[in-house]
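Welcome! Open your viewer, show the cartoon, and let's walk through the model one selection at a time.

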Amino acid sequence: MEQLKNKIVDEGTVLSDTVLKVDSFLNHQIDPELMQEIGKEFTRRFEGEKITKILSIESSGIAPATMAGLYLGVPVIFARKRKSLTLTDHLYSSTVYSFTKKESNEISVSKDFLKKDDVVLLIDDFLANGQAVHGLVDIINKAEAKLAGVGIVIEKGFQAGGAEIREQGIRVESLAIVDSLENGEIRFRDEDPAQ
Ligand code: G4P
């Protein structure tokens with residue numbers, strides 16, 4: 001997605017060979033117009049999949065997921081990372097380990113919002129090692145719902161998550177794939193120009 005790649009080049013900061021900071025439009029401040037275009041692009045890519053729910057994870061997945069939900073016309077659920085006062089039992093849960101933060105989080109979704117007959121699109125902001133996606137897929141499997149695919153705003157193609165998830169036969173659509181951040185330079189993977 002050209003508009004997204006331009007934004008990454010204009011506003012992204014390479015913090016190290018592995019970490020890209022995009023706080024000005026995705027992870028802290030949010031650019032609603034860009035999110036709207038991201039929502040339209042996910043909708044275009046997953047049209048015809050008969051999606052009934054979008055599942056994301058707090059916090060940075062929520063904005064792109066909500067915009068995709070708006071255009072697909074379906075509700076958006078986000079997995080919670082912390083125990084909530086009102087979300088106590090009746091939950092599907094999974095454990096997600098973050099290599100970046102070196103901590104495990106228990107993620108949960110209420111059984112009220114994910115049902116057997118749901119066709120679910122997963123959406124998240126970053127795909128790095130894929131731990132968040134694995135946890136969300138585990139929750140979909142526990143609910144016995146169907147997974148339509150995974151939509152990612154920025155995939156770090158030099159980390160293992162994307163390849164591992166695709167090897168499982170899961171469709172992954174990433175709007176920008178960064179193949180290298182070496183020497184402070186952002187290099188994108190060449191994609192089909194139609195995308
Ligand atoms: P994984 O889920 O793919 O395995 O990711 P990992 O454990 O490596 O990442 C943990 C957190 O760091 C996730 O956010 C993920 O989105 C984010 N992250 C990973 N690589 C980058 C990067 O290069 N740049 C930025 N900006 N973020 C990255 P989180 O903890 O769930 O945070 P949030 O959603 O509350 O913002």
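Start by selecting Leu34, Met35, Ile38, Gly39, Glu41, Phe42, Thr43, Arg45 and Phe46 in α3: these residues are buried, meaning under 20% relative accessible area with a 1.4 Å probe, protein chains only. Helices such as α3 are DSSP runs of H or I with at least four residues, strands are E runs of at least two, and both are numbered from the N terminus. This is a predicted model, in which local features need pLDDT of at least 70, side-chain atom pairs count only at pLDDT 80 or more, and totals for chains, interfaces and linings use all residues. Residues are numbered from 1 along each chain as its sequence is written, and side-chain values use heavy atoms, leaving out hydrogens and water.

Next, show what the buried residues of α3 pack against: α1 (2–11), α2 (23–27), α4 (62–72), β7 (119–127), β8 (146–156) and β9 (172–180).

Now visit the ends of α3. At the N-terminal end, aspartate 31 acts as a cap, with a side-chain oxygen 3.0 Å from the backbone nitrogen of glutamate 33. After the helix, click on glycine 48, whose phi is positive, near 85°.

Then select the largest nonpolar core, which has 30 residues; such a core is a set of buried Ala, Val, Leu, Ile, Met, Phe, Trp, Tyr and Cys residues joined through side-chain atoms within 4.5 Å. α3 gives the most to this core, with 5 residues.

Zoom in on isoleucine 38. Beyond its neighbours within four places in sequence, isoleucine 38 is in contact (heavy atoms within 4.5 Å) with Met1, Leu4, Pro64, Val153 and Leu175.

Last stop: a second, separate core of 24 residues, including Val96, Leu136, Ile139 and Ile170.

Definitions and conventions
Buried < 20%, exposed > 50% of the residue type's maximum accessible area, 1.4 Å probe, protein only. Polar contact = N/O pair within 3.5 Å; in protein donor to acceptor, adjacent residues only side chain to side chain.
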